[in-house]
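Open the model in a viewer and keep the sequence panel visible. The stops below are meant to be taken in order, with a selection at each one.

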Amino acid sequence: MVVCSCNAIRERDVREAARSGVDCPLQAYASLGRRPRCGQCIPFARALIAEERSAAA
Ligand code: FES
């Protein structure tokens, strides 16, 4: 599933970034070499990251 349609970032990409240590959408997108544009995806990306981080804890 696509999380960020502006940047074509998939749910899997965001989850992998979260598992590798990023803890916010901005960092996750930066780790993929991208930047948020419209910002619409940020709440969803944040929720995915929080889920991965709590699963890892
Ligand atoms: S959908 Fe992610 S910045 Fe627009």
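Start by selecting I49, which sits in helix α3. This is a predicted model, and the values along the tour are computed from it. Is I49 buried or exposed? Its C-beta has 21 C-beta neighbours inside 10 Å, so I49 counts as buried; the cut-off for that class is 20 or more.

Keep I49 selected and show its contacts. Leaving aside residues up to four places away in sequence, I49 touches V14, A18, V22, D23, C24, P25 and A28. Measure from I49 to C24 in the viewer: the two are 25 residues apart in sequence, yet their C-alpha atoms are 6.9 Å apart in space.

**The whole chain**

Zoom out and colour by secondary structure. The protein has three helices and two strands. Read from the N terminus, the order of elements is β-β-α-α-α.

Orient the view along the principal axes. The C-alpha atoms fill a box of roughly 30 × 20 × 15 Å. The radius of gyration is 10 Å, which agrees with the value near 10 Å for a compact globule of 57 residues.

Next, colour by burial. Of the 57 residues, 28% are buried. For contacts between residues at least 6 apart in sequence, 48% join residues at least 24 apart.

**Helix α1 and its buried face**

Select residues 11-19, which form helix α1. Which residues of α1 are buried? They are D13, V14, A17 and A18. Look down the axis of α1: these buried residues fall within an arc of 135°, so they line one face of the helix.

Now add the partners of that face. The buried residues of α1 pack against strands β1 (2-4) and β2 (9-10), and also against helices α2 (25-31) and α3 (42-56).

Before leaving the helix, step just past its end to G21. There the backbone takes a positive phi of about 120°.

**Where α1 meets α3**

Show α1 and α3 together and hide the rest. Their axes are 9 Å apart, and the helices pack at an angle of about 45°. The two are therefore oblique to each other. The crossing of α1 past α3 is right-handed.

Which residues make this contact? On the α1 side, select E11, V14, R15, A18 and R19. On the α3 side, select A45, L48, I49, E52, R53 and A56. I49, the opening stop, is thus part of this set.

Stay in α3 and move to E51. E51 has 13 other C-beta atoms within 10 Å and is therefore partly exposed. Draw a distance from E51 to R15: the C-alpha atoms are 8.6 Å apart, with the two positions 36 residues apart in sequence numbering.

**The loop between β1 and β2**

Select A8, found in the loop that joins β1 and β2. Is A8 buried or exposed? With 11 other C-beta atoms within 10 Å, A8 is exposed.

Check the backbone torsions here as well. Phi of A8 is near 50°, a positive value in a residue other than glycine. Most residues other than glycine have a negative phi.

**The loop between α2 and α3**

Move to P36, in the loop between α2 and α3. P36 is partly exposed, with 18 other C-beta atoms within 10 Å.

Show the contacts of P36, again without residues up to four places away in sequence. P36 touches P25, L26, Y29 and I42. Then pick C6 and draw the C-alpha to C-alpha distance to P36: 7.7 Å in space, for a pair 30 residues apart in sequence.

**Last stop: A30**

Finish in helix α2 with A30. A30 counts as partly exposed, because 14 C-beta neighbours lie inside 10 Å.

For a last distance, select Q40 along with A30. How far apart are their C-alpha atoms? They are separated by 16 Å, and the two residues are ten apart along the chain.

Terms used: Residues are numbered from 1 along each chain as its sequence is written. This is a predicted model: local features need pLDDT of at least 70, side-chain atom pairs count only at pLDDT 80 or more; totals for chains, interfaces and linings use all residues. A residue is buried if 20 or more other C-beta atoms lie within 10 Å of its own, exposed if 12 or fewer, and partly exposed in between; C-beta atoms are placed from the backbone. Helices (H or I, at least four residues) and strands (E, at least two) are DSSP runs, numbered from the N terminus. The arc is that of the directions from the helix axis to the C-beta atoms. Two residues are in contact if their C-beta atoms, placed from the backbone, lie within 7 Å. The radius of gyration is taken over C-alpha atoms; the globule rule is 2.2 Å times the number of residues to the power 0.38. Axes are lines fitted to C-alpha atoms, for helices over the stretch in contact, and angles run from 0 to 180 degrees between N-to-C directions. Angles under 35 degrees count as roughly parallel, over 145 as roughly antiparallel, 65 to 115 as roughly perpendicular and the rest as oblique. A crossing is left-handed if the near helix is turned anticlockwise from the far one by less than a right angle, and right-handed if clockwise.
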